[in-house]
Amino acid sequence: MATGNYTHGAAWAPTGQRGHTAAHDRSSLSSRVEVVGRELARYGQVIIVGWIGFLKFTEYEAEGISLYVANSPLMSWVYGFMSHRGFSAMLGVVEVAIALLIAARPFSPRASALGSALAVGMFLTTLSFLVTTPGVWEASAGGFPALSGKPGPFLIKDLALLGISLWTFGEAWKAGERAAA
């Protein structure tokens, strides 16, 4: 499916079907790499968010997130009326829905943009845990910027996922505008 300059698989056309210069071959190789990277970023994000969402239905994941949620001024209030398992399952539903929306890009750029916007909010929230969760910064190494073995690395990866979410949001939004025009 092609929408604007976002073309699924167009860079994979056989070399014989394109002009044949060394510069063009280098350019087409870079285009192929870019296509693979773009698809891996989008659908890798879908897999990560969906997988983590499905894990939210397990006891160990519900307990695993409780440290972050309980210490967050943005989220700690939910434990006043929801159990750890109930809140974790609710998050799981939201995360799986976000993954499905982002994956819908070939069919509905607007739905994908919505999923990506929700992912931006989700990753901003989890990155806030870097500031609110005890033990993120390794005290024996002088604290910030030394990340502890746990939970620091678990949280810092969300910086890259936030960047991917911003990119997929912008790309899908632009495609939605083109489709509506």
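**Reading a predicted model: patch, pocket and pairs**

Guide: In this predicted model, a nonpolar surface patch of about 310 Å² is made by Phe54, Phe57 and Val93, and the last of these, Val93, lies in helix 3.

Visitor: Turning to pockets, what volume does the largest pocket have, and which residues are the closest to its centre?

Guide: The volume of the largest pocket comes to about 390 Å³; 25 residues line this pocket, and those closest to its centre are Lys56, Leu91, Glu95, Met122 and Thr126.

Visitor: Which helices supply at least two residues each to that lining, and how do the lining residues divide into nonpolar, polar and charged?

Guide: At least two lining residues come from each of helix 1 (22–55), helix 2 (59–70), helix 3 (84–103), helix 4 (109–132) and helix 5 (152–156), with helix 4 giving the most, eight residues. By character, the lining of the largest pocket holds 17 nonpolar, three polar and five charged residues.

Visitor: How many aromatic pairs does the structure hold, and what does a stacked one look like here?

Guide: Rings count as stacked when their planes are under 30 degrees apart. The structure holds six aromatic pairs, and Tyr68 with Phe129 forms a stacked one, with 5.7 Å from centre to centre and 20 degrees between the planes. Because Tyr68 belongs to helix 2 and Phe129 to helix 4, this pair ties together parts that are 61 residues apart in sequence.

Visitor: How should I read salt bridges, and how many are found in the whole structure?

Guide: Side chains of opposite charge can pair when their charged atoms come close. A search of the whole structure gives six salt bridges. Glu171 forms a salt bridge with Arg42, where the closest N and O atoms are 2.7 Å apart; the pair links distant parts of the chain, since Glu171 is in helix 6 (residues 158–180) and Arg42 in helix 1, 129 residues apart.

Note on methods. Residues numbered from 1 in each chain as written. Predicted model: local features only at pLDDT ≥ 70, side-chain atom pairs only at ≥ 80, totals over all residues. Heavy atoms only, no water. 1 Å grid on protein atoms, 1.4 Å probe; cavity = no way out; pocket = protein on both sides within 12 Å on 5 of 7 lines; lining within 4 Å. Points joined across faces, edges and corners; volume = space filled by probe spheres on them. Helix = DSSP H or I, 4+ residues; strand = E, 2+ residues; numbered from the N terminus. Nonpolar A, V, L, I, M, F, W, Y, C, P; charged D, E, K, R; others polar. Patch = residues over 30% accessible without salt bridge, like charges linked within 9 Å, V, L, I, M, F, W, Y side chains within 5 Å. Areas by Shrake-Rupley, 256 points an atom, 1.4 Å probe, with all protein chains shown as cover. Salt bridge = Lys/Arg side-chain N within 4 Å of Asp/Glu carboxyl O. Phe/Tyr/Trp six-rings, centres within 6.5 Å; stacked < 30°, edge-to-face > 60°.
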